[in-house]
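Work through the exercises below with the sequence and the coordinates at hand. Each task is followed by a solution in steps.

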Amino acid sequence: MHRNPVISDVLIGDAVEERKEPDPYDDVKDVEAKGPEEKWEYFSNLIKDCTRCYACRNACPLCYCPTCFVDESDPQWVGKSSDPTDTMTFHILRAYHCAGRCTDCGACEQACPVDIKVRSFTRKLNKDTLDLYECEAGLSIEERPPLDTYRPDDYDKFIR
Ligand code: SF4
Ligand code: SF4
Ligand code: SF4
């Protein structure tokens with residue numbers, strides 16, 4: 001979607017207008033329009049072949065934690081089995097860990113040996129971040145990610 005480099009040593013030519021079409025979140029909106037049961041079916045099907053090899057996590061530039069939550073054993077945040085509940089927990093938690101930071105680079109999907117569209121999870125959160133905070137990751141080197149900041153004048157009282 002973005003045609004101008006965020007940082008560059010030399011920019012040849014002037015910055016060009018950003019692309020407005022097609023809507024980058026058409027696919028996310030299709031999923032959002034589904035009912036709860038359809039959504040459950042969609043996400044269950046999406047991860048049914050996942051072997052939990054963690055190639056998606058290993059390829060992600062955001063996943064640099066010394067010990068990932070899936071590798072912790074004390075406490076054990078998620079079961080190690082390929083039970084669908086454990087697999088879903090891995091995908092949902094990893095997606096939330098990337099919320100507000102994912103640039104949709106696609107490295108996770110490219111690394112998956114069984115071609116699972118893991119960006120279906122992160123792209124939904126990218127869209128939410130844009131809708132709620134008007135923020136897209138990777139477009140500013142000064143701004144902190146939205147879930148990493150605190151505003152004393154936040155409109156939600158619970159945070160004050
Ligand atoms: S790379 Fe694919 S198979 Fe491996 S954990 Fe990620 S989604 Fe599952
Ligand atoms: S999934 Fe979460 S805990 Fe694991 S490496 Fe990525 S950000 Fe860290
Ligand atoms: S698309 Fe997002 S979650 Fe996937 S590798 Fe890139 S930054 Fe990580």
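## Exercises on a predicted model

E143 is found in the segment after helix 6. The model is predicted, and E143 is the subject of the first exercise.

**Exercise 1.** Decide whether E143 is buried or exposed, and find how far its C-alpha atom is from that of S44.

*Solution.* Step one is to count C-beta atoms around E143: 11 others lie within 10 Å. A residue is exposed if the count is 12 or fewer, so E143 is exposed. Step two is the distance. E143 and S44 are 99 residues apart along the chain, and their C-alpha atoms are separated by 35 Å.

**Exercise 2.** Describe the overall build of the protein chain: how many helices and strands does it have, and what are its spans along the principal axes?

*Solution.* Start with secondary structure: there are 6 helices and 0 strands, which gives the pattern α-α-α-α-α-α along the sequence. The C-alpha trace spans about 50 × 40 × 35 Å along its principal axes. Next take burial: 13% of the 160 residues count as buried. Last come the contacts. Among those between residues at least 6 apart in sequence, 63% join residues at least 24 apart.

**Exercise 3.** Find the residues that make up the largest nonpolar core, and list the contacts of C102 beyond its sequence neighbours.

*Solution.* The largest nonpolar core has 11 residues in all: I47, C56, C60, A95, C98, C102, C108, I116, V118, F121 and A137. In soluble globular proteins, nonpolar side chains tend to be buried together. Now take C102, a member of this core. With neighbours within four places in sequence left aside, C102 is in contact with L62, T122, L125, N126 and A137.

**Exercise 4.** Characterise the packing of helix 4 against helix 6: at what angle do the axes cross, and with which hand?

*Solution.* The axes of helix 4 and helix 6 come within 9 Å, and the crossing angle is roughly 35 degrees. The crossing is right-handed. On the helix 4 side the contact is made by H91, I92, A95 and Y96, and on the helix 6 side by F121, T122 and L125. Sorted by class, the residues of this contact are 5 nonpolar, 2 polar and no charged.

**Exercise 5.** List the residues around ligand 1 and ligand 2, name those that come nearest to ligand 3, and sort each shell by class.

*Solution.* Take the ligands in turn.

- Ligand 1 is surrounded by C50, T51, R52, C53, Y54, A55, C56, A111, C112, V114, I116 and V118. This shell has 10 nonpolar, 1 polar and 1 charged residue.
- Ligand 2 has R57, L62, C63, C65, C68, F69, R94 and H97 around it. The classes here are 5 nonpolar, 1 polar and 2 charged.
- Ligand 3 has 14 residues around it, of which C60, C102, C105, A107 and C108 come nearest. Helix 5 (107-111) and helix 6 (119-133) are the elements that give two or more residues to this shell. By class the shell holds 9 nonpolar, 3 polar and 2 charged residues.

One residue of the ligand 3 shell can be placed further. C105 lies in the loop between helix 4 and helix 5 and is partly exposed, with 15 other C-beta atoms within 10 Å. From C105 to D74 the C-alpha distance is 32 Å, at a sequence separation of 31 residues.

**Exercise 6.** Check the backbone: which peptide bond that ends at P22 is cis, which one ends at P75, and what are the phi values of R52 and E134?

*Solution.* Most residues other than glycine have a negative phi, and most peptide bonds are trans. Begin with the bonds. E21 and P22 are joined by a cis peptide bond with omega about -10 degrees; P22 lies in the segment before helix 1 (26-32). The bond from D74 to P75 is also cis, with omega near 5 degrees, and P75 is in the loop between helix 3 (55-59) and helix 4 (84-97).

Then turn to phi. R52 is not a glycine, yet its phi is positive, about 55 degrees. R52 sits in the loop between helix 2 (36-46) and helix 3, and counts as partly exposed with 17 C-beta neighbours inside 10 Å. For E134, phi is near 50 degrees, again a positive value in a residue other than glycine. E134 is in the segment after helix 6 and counts as exposed, with 8 C-beta neighbours inside 10 Å.

Key. Residues are numbered from 1 along each chain as its sequence is written. Chains are lettered from A and ligands numbered from 1 in the order in which they are written. This is a predicted model: local features need pLDDT of at least 70, side-chain atom pairs count only at pLDDT 80 or more; totals for chains, interfaces and linings use all residues. A residue is near a molecule or strand if its C-beta atom, placed from the backbone, lies within 6 Å of it. Helices (H or I, at least four residues) and strands (E, at least two) are DSSP runs, numbered from the N terminus. Ala, Val, Leu, Ile, Met, Phe, Trp, Tyr, Cys and Pro count as nonpolar, Asp, Glu, Lys and Arg as charged, and the others, Gly among them, as polar. A residue is buried if 20 or more other C-beta atoms lie within 10 Å of its own, exposed if 12 or fewer, and partly exposed in between; C-beta atoms are placed from the backbone. A nonpolar core is a set of buried Ala, Val, Leu, Ile, Met, Phe, Trp, Tyr and Cys residues joined through C-beta atoms within 7 Å. Two residues are in contact if their C-beta atoms, placed from the backbone, lie within 7 Å. Axes are lines fitted to C-alpha atoms, for helices over the stretch in contact, and angles run from 0 to 180 degrees between N-to-C directions. A crossing is left-handed if the near helix is turned anticlockwise from the far one by less than a right angle, and right-handed if clockwise.
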